[in-house]
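Reader: I have a model open on my screen and would like to learn how to read it. Could we start from a single residue and work outwards?

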Amino acid sequence: MSVQPHSPDVENDSLEDRLYTVKYEDPGESHLDVTLPGLCAERCTTYDCVSVCPAGVWREGEEGVPEIAYENCLECGSCRWACVHGNVEWEYPETGSGVTYKNG
Amino acid sequence: MTEIIADRNTETPDYDDRFDAVVVGAGLAGSAAALTMADGGLDVIMIERGRYPGAKNVFGGVLYTPTIRKLADLDDAPLERYIAERRYGMLTDHDETAISISPGEWHEPPHNDSYTVFRGEFDEWFAEQAVDAGATLLTETTVTGLVRENGRIIGVKTDRPDGTLRAPYVVLAEGGNSLVSERAELKETEQRGNVAVAVKEVVEFPDDDNAIQDRFRLTGDAGAAYHYFGEGAVGDAFGGGFVYTNGETVSVGLAYRISDAVSGQPNPEGTLNAFKTHPAVAPLFRGGRTVEYAAKTIPEGGADSVPELTHDGAVIVGDAAGLVLNNGVHLEGTNMAVESGFHAGKSIVDAAEQGRTDADALSAYAENLEASFVMRNLRRYEWLMEAVENDREFVFRELPQALADAGTEYFRIDREPKESHAENAKERIMEAVGGYTGAAKLALRYRKIVT
C-alpha cells in the first residue's frame, strides 16, 4: 500500500489526435483573423487568445502577432471574448463547412 | 403555397417572402419555436449552418425534457440513458469528498425528465418533429445578417446566392456565439468574466464491454451524472467538471470562466488532462479511447445579461438570449432554450392572428418567460455568482480541503478516543469557515441555494 493514492494510467490523447476525432471540412479560407495586427504587436503582451483556445488555433507568432491555424478551430468562439482589445475577427464558416459534431 | 415549396431546391433557394417566419438556427430553441409556430398554422423555415441540426452544437450531456415532452412524443427520441444517480464531488489535488443521491423514483418513467443525449442525434430528431408539423428545414446555410426597413427587422441575409429571405418574423436562435444578434445591436457582447469555455471528450472502452455498468454501478438504461468542483477539477478557476454516462460511451469535460482561462490556469485541454488523471476520476477512464473531442462557450451572465427579448419583427431565444442557469448544483440550459422557443413561437402565432409584427405585439413572449421557471430560476440565483466570486478561494479551495481533512480526521483509526478525532475534525471545519461567526455568515449568505 502506498501513501499516495494509486491512479491508473489514463492515456490522454495528444491535441492532434483529439482534433483528428472531429469531422471537418476546410472552408478554404480562414474564418478567423485579427482586425489590426499592429494592435496585437503594440498593445498586447498576454496572448489571451492563445491561453483560452482549446484547439491550438491561436499561436504566438513573430513580432507579437498571433498565427492562426484556423483548420483546428472547434468553433467555440472563446477567443472572441478572451481578447480584451476586441481584436478577433470571427465569422461562421460558410455553407456547412468547418466542424461537424456527432456527439456534441 | 405547397406548389411553391415543391418547386424549390436548396441550390437555388427562392424562399424570399414565402414564409411567415424565419428561424435562425435549428438547435433546441429554434426547433421548439418552429414546431410551435407550425402547429399554430404558420409557414416556417429553419436555417441551420451545420450539415444537419446539432452538427454545430455541444453541451455537457444531460437534457431535461418536461417541455419537450409536451411538444413531441419522446418515445421515438434518441435518448442515451436516464439519470439514476447524481453525485457531487469536491476535489482537492488528491482527495474527494462526495455526496450521492439515487432515489428509487428516478428509475420509474419519466425518470425525473433527465436523460443524456447527443445533440447530433437529438437536435436532428427534434427538428424533424418541426418538419413533420409543416416547417421547412434548410441546412448548410449561414445567416450573415438581418434585413431592416425603417428600424423593423424584415428578414435575414444568408451566404447562399440571392440568399436574402424576407419574412414578417425572425426568431434568433443562433446560440451563445450570437454574431447576428450582436452585429444587429440587439444585444451587447458579453464580458469574458460572464462566459465559460468548455471542453468535452466522449470516451469508449473497446476492451471492456461492461465498463460503464461496472464502473458506474448501473443496470439497463440507468445512467449517472457526476459533477465535480474544487482544485482537482478546474484548478483555481471558477467552474467545474462533469462525467456523464451515455449508452456505450462516457462524456467527460469541464467548464470555467474565460477570465480565469487567460490567467494562470493551464489551457482548457491541459486542464481536462489534469482532471481526467485525478485519482478519484482516472479509474473511470482506464483503457478508454477518445471518440470525439469538442469545445463550446457558455453564456453564464445570468438574469442581468438577458437582453431585450422582443423587437419589431424579431425575438431572441435560447443561448443567444443568455438563458443558462449554473448555480453549482443545477446546470441547465437546453430545457430553458426549449421553453423560450415555445413561448416565443406562441407569441408570434398570436401576433400573426392580429396581423402585427411590432415588439409590443410580441411582448407576451417576454412576459410568459418571466413568469416561467426560466426567468424565475435565473432571478432566484442572480446573487449567487457574485457571492461565489467573492468567496472563490473559500468555495473552490479552502472548503474542499477542509472537508477532506475533517473527514480524514473524523474516521481516523488509532488508539485515541473518538472524542478527540471528532474535536479535531470540528476544529478543522471551524478554522476554514472562520469560527461560529464565520459559519453563521456563510449560512446566511448561501441559504437560498437549498431553501
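Author: Happily! This is a predicted model, and our starting point is Leu186(B), which is buried because 22 other C-beta atoms lie within 10 Å of its own, where 20 or more are needed.

Reader: Where does Leu186(B) sit in the chain?

Author: Leu186(B) belongs to the loop between helix H5 (179–183) and E12 of chain B.

Reader: Which residues is Leu186(B) in contact with, leaving aside its neighbours within four places in sequence?

Author: Those partners are Ser181(B), Pro307(B), His311(B) and Ile316(B). For a contrast, try Arg412(B): 226 residues separate it from Leu186(B) in sequence, and their C-alpha atoms are 59 Å apart in space.

Reader: Now a helix, please. How should I read one?

Author: Start with the general idea: an α-helix has 3.6 residues a turn, so residues three or four places apart point the same way. Then take helix H2 (residues 28–39) of chain B, with 12 residues. From its first C-alpha to its last, H2(B) reaches 16 Å, close to the 16 Å expected at 1.5 Å a residue.

Reader: Is H2(B) largely enclosed or left open by the rest of the structure?

Author: Largely enclosed, because 11 of its 12 residues are buried. The buried residues run from Leu28(B) through Ala29(B), Gly30(B), Ser31(B), Ala32(B), Ala33(B), Ala34(B), Leu35(B), Thr36(B) and Met37(B) to Ala38(B).

Reader: What covers the buried residues of H2(B)?

Author: The cover includes strand E1 (21–24), strand E2 (44–47), helix H3 (66–71), H4, strand E11 (169–172) and helix H10 (334–353) of chain B. While you are there, look just past the helix: H2(B) is followed by Gly41(B), whose phi is positive, near 90°.

Reader: Some of those covering elements are strands. How do I read a sheet?

Author: The general idea first: in a regular strand the side chains alternate between the two faces of the sheet. Next, trace the order of the strands. In chain B, six strands form an open sheet with mixed pairing, in the order E7-E2-E1-E11-E18-E17.

Reader: Which are the edge strands?

Author: Strand E7 (136–138) and strand E17 (310–311) of chain B, as each pairs on one side only. Zoom in on E7(B): it pairs with E2(B) in the parallel sense, over three bridges. Within E7(B), Leu138(B) stands opposite Ile47(B).

Reader: And where could I see an antiparallel pair?

Author: Go to strand E8 (residues 143–149) and strand E9 (residues 152–158) of chain B, which run antiparallel and are joined by six bridges. Glu149(B) stands opposite Arg152(B) in E9(B). This hairpin has two residues between the strands, and Asn150(B) takes a positive phi near 50°.

Reader: Let me zoom out. How do I judge the overall form of a chain?

Author: Count the elements, then look at the radius of gyration. Chain B has 16 helices and 20 strands. Its radius of gyration is 24 Å, close to the 22 Å that the globule rule gives for 451 residues, so chain B is as compact as a globular protein of that length. Along the principal axes, its C-alpha atoms fill a box of roughly 85 × 50 × 40 Å, and 52% of its residues are buried.

Reader: How many helices and strands does chain A have?

Author: Chain A has four helices and six strands, following the pattern α-β-β-α-α-β-β-α-β-β along the sequence. Its radius of gyration is 17 Å, well over the 13 Å given by the globule rule for 104 residues, so chain A is more spread out than a compact globule. Its C-alpha trace spans about 60 × 35 × 20 Å along the principal axes, and 37% of its residues count as buried.

Reader: How many residues does each chain bring to the contact?

Author: Chain B brings 48 residues and chain A brings 36. On the side of chain B, the elements that give two or more residues are helix H4 (119–132), strand E12 (195–204), helix H8 (258–261), helix H9 (268–276) and strand E16 (289–299). E16(B) gives the most, with eight residues. By class, this side of chain B divides into 21 nonpolar, 14 polar and 13 charged residues.

How values were computed: Residues numbered from 1 in each chain as written. Chains lettered and ligands numbered in written order. Predicted model: local features only at pLDDT ≥ 70, side-chain atom pairs only at ≥ 80, totals over all residues. Contact = placed C-beta atoms within 7 Å. Nonpolar A, V, L, I, M, F, W, Y, C, P; charged D, E, K, R; others polar. Rg over C-alpha atoms; globule rule 2.2 N^0.38 Å. Expected span 1.5 Å × (residues − 1). Pairing = 2+ DSSP bridges.
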